[in-house]
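Work through these short exercises with the model on screen. Try each task before reading its solution.

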Amino acid sequence: MNTPWLSPAEAAAWRLRRVLVVDDVEGMRMVSEALLHQLGIRQVLLADSAEAALNLLRQQAVDLVLCDWRMPGMDGLQLRQQLLTLPRLKDLPFVLMSADAEPEQLATARQAGAHAVLTKPFGPPALTTALRQAVAEARGQGEAVQAAAEALPSLLLAAETPARLRGLVDPLQALARLRVANSAERVLAICQTEEAPELVLLVADESFCPTLAQRLLQAGHAVVLLDDDPQRRRQALDAGALDAFAADPAGEADRLLDRLRGLLRWLHARRHALRGTGGASRDDKVAWQALASHDPSTPLAAALSELEVLLQQPDNGSFDRLQSIEQSLLEGLAEWQLSTGLALIAAQRFQLKARAVALRRLAERGLRLVLAENLHRGLRGECNIPGALRGPQALQASGDPLLCQTVLWLLLRALARAAPDGGLLRIEVQAMGDQGWRLQLLADEARLDPQAPQIAPARALLQAQRAALQLAQRGSTACIGIELPRGMALP
């Protein structure tokens with residue numbers, strides 16, 4: 001039996017193993033047994049108490065124990081301590097199940113000899129991780145366990161009542177090494193350690209940590225806020241939060257998880273890229289926080305879905321569907337270039353592969369993409385770049401075409417956010433004599449925030465291509481200037 005959670009080799013090995021489930025609640029025994037069956041584990045033994053489990057273990061061979069912590073009489077920790085006194089059973093992989101996700105409680109379980117701790121409720125992904133960890137650690141493969149842990153990013157869930165988010169705990173455990181804190185003091189203490197989380201998911205309200213998001217952002221931490229107050233959500237976004245949702249994410253759970261997946265992936269890549277480089281500057285952190293919010297899987301999946309419909313109904317609105325596919329693919333390519341480009345720059349491995357870039361074609365494509373993203377706001381666009389779209393009659397610069405497209409997309413996004421509904425975005429070009437070109441992005445009745453999350457990554461990508469970025473406010477007009485020096489400009 002193949003499963004999406006185990007490799008074929010793992011599935012074959014687990015089919016031969018016998019697992020003992022210990023829980024005083026019959027329903028939990030049944031659920032645990034069903035989840036093990038989903039992983040292809042058919043030999044499952046059941047015990048309704050630690051005492052019964054101890055008697056069974058003395059009589060039968062078992063490969064792993066999955067045991068509840070809180071039980072009448074002997075509890076799970078006491079059972080583990082009993083097994084440690086028996087030479088034949090002291091190295092038996094032991095997974096402790098608990099509804100308590102407090103860091104102190106989890107630490108207590110590990111110190112008492114549990115090889116892994118599984119927080120209830122859980123599903124196949126979290127169960128798979130716990131089984132792997134328990135088996136590896138029981139075999140004395142500490143280095144392998146550490147490497148497996150480092151392969152997952154770290155996430156801190158800060159909530160006064162984590163039980164409110166029980167539906168998210170299992171998928172979050174599959175995405176990251178999850179820690180939980182239920183007070184501002186504990187959150188700040190964890191964030192000040194060497195093992196500070198790569199991302200903080202903060203659930204705030206009037207009574208719990210209403211200003212904690214601001215404090216974490218000021219300290220340079222990556223934050224996603226869950227808060228029912230729209231004003232606090234907006235303030236957090238303006239201060240640099242990567243995203244903000246309502247405190248009860250039930251209606252947006254899939255979108256929240258998709259965003260967290262992208263954030264964690266790139267923040268984790270950033271941490272590894274910075275190892276041995278002495279850390280990151282504040283601007284560097286801002287750039288990477290912006291990077292983390294871009295996950296190419298979503299627009300590319302949307303493009304594939306549109307393409308599937310088009311292939312099934314080729315005569316039903318084909319042109320509009322093709323434009324939608326083009327938009328999704330362009331967005332996905334831009335996000336992918338953003339992530340890979342910044343990763344290479346941070347690792348000092350970026351190499352510019354310059355080619356001719358037609359400015360008018362570049363500008364019109366970027367403008368079309370951003371206007372489509374803001375269709376509901378009624379934004380308008382003008383591209384005032386003379387010459388042909390391509391060929392020898394086109395105004396051209398030299399650079400990486402996809403990175404140039406990504407930079408323009410980022411900066412137009414920042415400008416669109418600053419523009420009022422129904423506003424006009426304009427793109428113009430000015431000759432700088434022998435020095436090259438100045439590409440100008442303009443928005444009337446707008447005021448651009450120099451700390452907008454798109455600015456830092458765009459500046460980094462431009463500097464890597466030997467170009468410069470300038471921001472200006474001319475009365476009520478926000479202006480972004482991209483200077484292409486002589487070395488990049490072609491006649």
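**Exercise 1.** Find what the charged end of R70 sits over.

*Solution.* Start at R70. Its charged end sits over the ring of W69, 4.5 Å from the ring centre. The rule asks for NZ of Lys or CZ of Arg within 6 Å of the ring centre and within 35 degrees of the ring normal. This is a predicted model: local features need pLDDT of at least 70, side-chain atom pairs count only at pLDDT 80 or more, and totals for chains, interfaces and linings use all residues. Residues are numbered from 1 along each chain as its sequence is written, and side-chain values use heavy atoms, without hydrogens and water.

**Exercise 2.** Decide where the buried residues of helix α3 lie around its axis.

*Solution.* First, list them: A50, A53, L54, L56 and L57 are buried (under 20% relative accessible area, 1.4 Å probe, protein chains only). Next, check the arc. They cover only 165° around the axis, so they lie on the same side of α3. Last, find their neighbours: these residues pack against β1, β2, β3 and α4 (contact means heavy atoms within 4.5 Å).

**Exercise 3.** Trace the open sheet of 5 strands and name its edge strands.

*Solution.* Read off the order: β12-β14-β15-β17-β16, with mixed pairing. Two strands pair if DSSP finds at least two bridges between them. The edges are β12 (380-384) and β16 (468-474), each pairing on one side only. Now look at β16 and β17: 7 bridges join them, and they run antiparallel. One bridge pair is L469 with I482 in β17. Finally, add helix α18 (residues 455-464), which packs on the sheet and touches β16 and β17.

Definitions and conventions:
The arc is that of the directions from the helix axis to the C-beta atoms. Helices (H or I, at least four residues) and strands (E, at least two) are DSSP runs, numbered from the N terminus. Axes are lines fitted to C-alpha atoms, for helices over the stretch in contact, and angles run from 0 to 180 degrees between N-to-C directions.
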